[in-house]
Amino acid sequence: MSKYIFVTGGVVSSVGKGISVASIGRILKSRDISVSVQKLDPYLNVDPGTMSPYQHGEVFVTQDGAETDLDLGHYERFIDVDLTSASNVTSGQIYSAVIAGERRGDYLGGTIQVIPHVTNEIKRRIREVAQLSQASVVIVEVGGTVGDIEGLPFLEAIRQMRNEEGRDNVLYIHVTFLPHIATTNELKTKPTQHSVNELRRIGIQPDIILCRSDYEIPQGLRDKISLFCDVDKDAVIPLVTAETIYEVPLVLEEANLGNIIIDRLGLDARSTDLTEWREMVAKLKAPKEPVTIALVGKYTELRDAYYSVREALCHAGLHHDRQVNILWVQSEDLQTDSNLNLLKTAQGIIIPGGFGYRGIEGMIIAASYARQNNIPYLGLCLGMQVMVIEFGRYALGSREVNSTEFDPDTPYPVIDLLPEQHTVTEMGGTMRLGTYPCHLVPTTHAAQAYREAVVYERHRHRFEFNNRFREPLEGKGLIPSGLSPDNRLVEIVEVKDHQWMIACQFHPEFKSRPNHPHPLFTSFVGAAKGTLVEGTQVTLPLTRD
Ligand code: GLN
């Protein structure tokens, strides 16, 4: 039978609750305890797939094709597990299920209410993760902060779980934030006291409080929180902002969180082994030679929109013992005065996923710059479509070459909808989603990078390479190097006679982990680190003869 850890957030959002949950998962896994994780999101969207990245950050795609919260990316990277759609539940899903049940007549004669119908559906989804994963511990993060109206049914459901599962099988952890007052140079505990009061008002007494802060937390303040919030002194755990997110499991383990959890839940565990993780973090923090990668996208003001891409680059850098510095380039800036200076210092260019026409012409300019200057280029999903459009404009000699997403009437639709997508009218969950196999064409750069014949990668897109243009473009040097098993879909393309210009229709960034960097990213960063651009050349001493 699984035990449950419920993690709630207090005071403010964006204090790293997701990273804390992922870190707790890593701590338990390092003691050989099997874990699974779930995020409960109180918003009414069925999934974040239809939300703008400005609202929500990245949409993370699981292997089974669910469009989920980016926290699932943290969980997968920290715990090294592949999660499924069961791991992200939203109010939208809960209400849809309850209302569909009501229409079917499941509750015939009854009045449908938040308690018990909505809360029962929430508890059913939580237990489903335990059942599917058979994990010893299921860690459940409740999104948002305590006090949000829409979060109440979730809090009520997790409150009921302690009674139903037994006191020794459920643990509540509250993650709060201690604000710093500059004039008096002190940290404040009052908001934490208020948010714990709010939790207790609805019947949840936290067992552990994680205090996030940008400053060291004096023992006196921890004692005060313990006293006011009725939590053991050793269970008030400071979590001061770390240099890298991957350090958080080490900080929490150092503060004895692992032992406290094991003890409270009565878990059978071996002693912790974080040796490999510790070595990885030490390597990450050590000074390294830099390699500069330009990330040309349209949501560059909001870096969370590209979270997994950033992490995948960091993991690949670690593999090469290099510090990957990302040069954030807003693609529209390249468009205005074709300001290529912005790309001058880039040893590699990456174009990530995206939707809509804004910024596309700037990305095409970046792809053209990479192709003509032999600069390593990695295109991810939209980045592949951009690369095909750019190559098509050059090869077919027409500026009208385009994707039908951006110009529905283009005479040269090198990227187009699949026939089966033409009849789709709903926006939510209707893309090509989740894992598909891809056969690599031997002797290509892509095959060399992967060193495998068949790979499985995660997709999230509507548009595809148009096979009508396969032959003419291949004739000019655009090589399809990854294909679907029936040869119908071009999944990877690369430019012949270029040192490294590869793009894929899928999202390899979702599969990169700090301990197994993704082969396309490692191969790309490997090529970039050997690329000399302005500023990276070594000055040789001049000799007389
Ligand atoms: N907009 C493109 C499509 O739908 C690319 C999507 C993406 O980059 N994820 O096909």
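How many nonpolar, polar and charged residues does the lining of the largest cavity have? In this predicted model, the lining of the largest cavity has four nonpolar, seven polar and one charged residues. The residues concerned are Thr8, Gly9, Pro42, Val142, Gly143, Gly144, Thr145, Val146, Gly147, Asp148, Gly151 and Leu155, and the space that lies in this largest cavity amounts to about 60 Å³. Glycine is counted among the polar residues in this division, and the lining includes Gly9, Gly143, Gly144, Gly147 and Gly151.

The structure holds two cavities of 30 Å³ or more. In the second largest cavity there is about 30 Å³ of space, and its lining is formed by Lys298, Tyr299, Gly353, Gly354, Phe355, Gly356, Met363 and Leu382. By class, the lining of the second largest cavity comprises four nonpolar residues, three polar residues and one charged residue. Among the residues that line this cavity are Gly353, Gly354, Phe355 and Leu382, and these residues also appear in the surroundings of the ligand.

The ligand itself sits in the second largest pocket. Its shell consists of Gly353, Gly354, Phe355, Cys381, Leu382, Gln385, Glu405, Arg460, His461, Arg462, Phe463 and His507, a set that divides into four nonpolar, five polar and three charged residues. With regard to secondary structure, helix 15, which spans residues 382-396, and strand 19, which spans residues 454-461, each contribute at least two residues to this shell.

Both backbone and side-chain atoms take part in the polar contacts of the ligand. For leucine 382, a backbone N or O atom is placed 3.0 Å from an oxygen atom of the ligand, whereas for glutamate 405 a polar side-chain atom lies 2.7 Å from a nitrogen atom of the ligand. Arginine 460 approaches through its backbone, with an N or O atom 2.8 Å from a nitrogen atom of the ligand. Taken alone, the ligand would expose 300 Å², and 99% of that area is buried by the protein.

The largest pocket has a volume of about 1000 Å³ and a lining of 39 residues, among which Ser13, Ser14, Val15, Gly16 and Asp71 lie nearest its centre. Two or more lining residues come from each of helix 1 (17-29), strand 2 (35-41), helix 2 (53-56), helix 3 (71-79), strand 11 (236-240) and helix 12 (307-320). Of the elements, helix 1 gives the most to this lining, with four residues. When the lining of the largest pocket is divided by class, 13 residues are nonpolar, 15 are polar and 11 are charged.

Two features of the backbone were also noted in the model. The peptide bond that joins isoleucine 115 and proline 116 is cis, with an omega of about 15°, and proline 116 belongs to helix 5, which comprises residues 114-133. Aspartate 32, although not a glycine, has a positive phi of about 70°, and this aspartate is located in the loop between helix 1 and strand 2. Both helix 1 and strand 2 are among the elements that give two or more residues to the lining of the largest pocket.

Conventions
Residues numbered from 1 in each chain as written. Predicted model: local features only at pLDDT ≥ 70, side-chain atom pairs only at ≥ 80, totals over all residues. Heavy atoms only, no water. Near = heavy atom within 4 Å. Polar contact = N/O pair within 3.5 Å; in protein donor to acceptor, adjacent residues only side chain to side chain. Areas by Shrake-Rupley, 256 points an atom, 1.4 Å probe, with all protein chains shown as cover. 1 Å grid on protein atoms, 1.4 Å probe; cavity = no way out; pocket = protein on both sides within 12 Å on 5 of 7 lines; lining within 4 Å. Sits in = over half its atoms within 2 Å of the grid points. Points joined across faces, edges and corners; volume = space filled by probe spheres on them.
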